[in-house]
Amino acid sequence: MSERNFVYPRDVSAFGFDWGKLSLTIAPEVNGATKFPGGVVDLPRGRGHPRHNHPEAEEIIFVISGNGE
């Protein structure tokens with residue numbers, strides 16, 4: 001496992017989407033994590049995506065700034 005336990009979003013490549021971008025900061029290829037993936041999503045003001053599911057997974061959302069619906 002990698003010695004990098006905490007990874008900043010600026011230190012990984014981001015996936016770009018039409019609604020914003022995703023930076024995986026917890027993943028096997030980033031720090032060896034195999035049981036709990038995580039990342040930072042940046043959504044520009046007024047953007048978002050339709051409600052969706054991640055089968056057999058739970059999702060935790062922390063809003064760092066702004067607000068959402």
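**Strands, a salt bridge and a pocket**

Trainee: Which residue is the bridge partner of Ala14 in strand 2?

Mentor: In this predicted model, Ala14 has Ser23 of strand 2 as its bridge partner.

Trainee: How many bridges join strand 1 to strand 2?

Mentor: Strand 1, residues 14-17, and strand 2 are joined by four bridges, and the two strands run antiparallel. The connection between strand 1 and strand 2 is a hairpin of two residues.

Trainee: And how many bridges join strand 2 to strand 3?

Mentor: Five bridges link strand 2 to strand 3, again in an antiparallel arrangement. In one of the facing positions, Leu22 stands opposite Val41 of strand 3.

Trainee: What is the order of the strands in the sheet?

Mentor: The order is 1-2-3, in an open sheet of three strands with antiparallel pairing. Strand 1 and strand 3 are at the edges with a single partner strand each, so one side of each has no neighbour in the sheet. On average, neighbouring strands of this sheet are turned by 25° against each other, direction ignored.

Trainee: Where do side chains point in a regular strand?

Mentor: As a general matter, they alternate between the two faces of the sheet.

Trainee: Let us turn to charged pairs. How many salt bridges does the count come to?

Mentor: The count comes to one salt bridge. The side chains that meet in this salt bridge are those of Lys21 and Asp42, at 3.9 Å from N to O. This pair links distant parts of the chain, with Lys21 in strand 2 and Asp42 in strand 3, 21 residues apart. In the strand pairing, too, Lys21 stands opposite Asp42.

Trainee: Why is Lys21 classed as partly exposed?

Mentor: Lys21 has a relative accessible area of 38%, and partly exposed means between 20% and 50%, so that class applies. Asp42 also counts as partly exposed, at 39% relative accessibility.

Trainee: What about Glu56: buried or exposed?

Mentor: Glu56 counts as exposed because its relative accessibility is 89%, and the cut-off for exposed is over 50%. Glu56 is placed in the segment after strand 3 (38-42). Its backbone also deserves a look: the phi of Glu56 is near 60°, a positive value in a residue other than glycine.

Trainee: A change of topic. How much space lies in the largest pocket?

Mentor: The largest pocket holds about 1,900 Å³ of space. It is lined by 42 residues, and those closest to its centre are Val41, Glu59, Ile60, Ile61 and Phe62.

Trainee: Which strand gives the most to the lining of the largest pocket?

Mentor: Strand 3 does, with five residues in the lining. Strand 2 (20-26) and strand 3 each supply at least two residues of that lining.

Trainee: How do the residues of the lining divide into nonpolar, polar and charged?

Mentor: In the lining of the largest pocket, 21 residues are nonpolar, 14 are polar and seven are charged.

Trainee: Finally, the whole chain. What pattern does the protein chain follow along the sequence?

Mentor: Read along the sequence, the pattern is β-β-α-β, which corresponds to one helix and three strands. The C-alpha atoms of the protein chain fill a box of roughly 40 × 30 × 20 Å along the principal axes.

Trainee: What percentage of the residues of the protein chain count as buried?

Mentor: Of its 69 residues, 16% count as buried.

Conventions: Residues numbered from 1 in each chain as written. Predicted model: local features only at pLDDT ≥ 70, side-chain atom pairs only at ≥ 80, totals over all residues. Heavy atoms only, no water. Buried < 20%, exposed > 50% of the residue type's maximum accessible area, 1.4 Å probe, protein only. 1 Å grid on protein atoms, 1.4 Å probe; cavity = no way out; pocket = protein on both sides within 12 Å on 5 of 7 lines; lining within 4 Å. Points joined across faces, edges and corners; volume = space filled by probe spheres on them. Nonpolar A, V, L, I, M, F, W, Y, C, P; charged D, E, K, R; others polar. Pairing = 2+ DSSP bridges. Axes fitted to C-alpha atoms, helices over the stretch in contact; angles between N-to-C directions. Salt bridge = Lys/Arg side-chain N within 4 Å of Asp/Glu carboxyl O.
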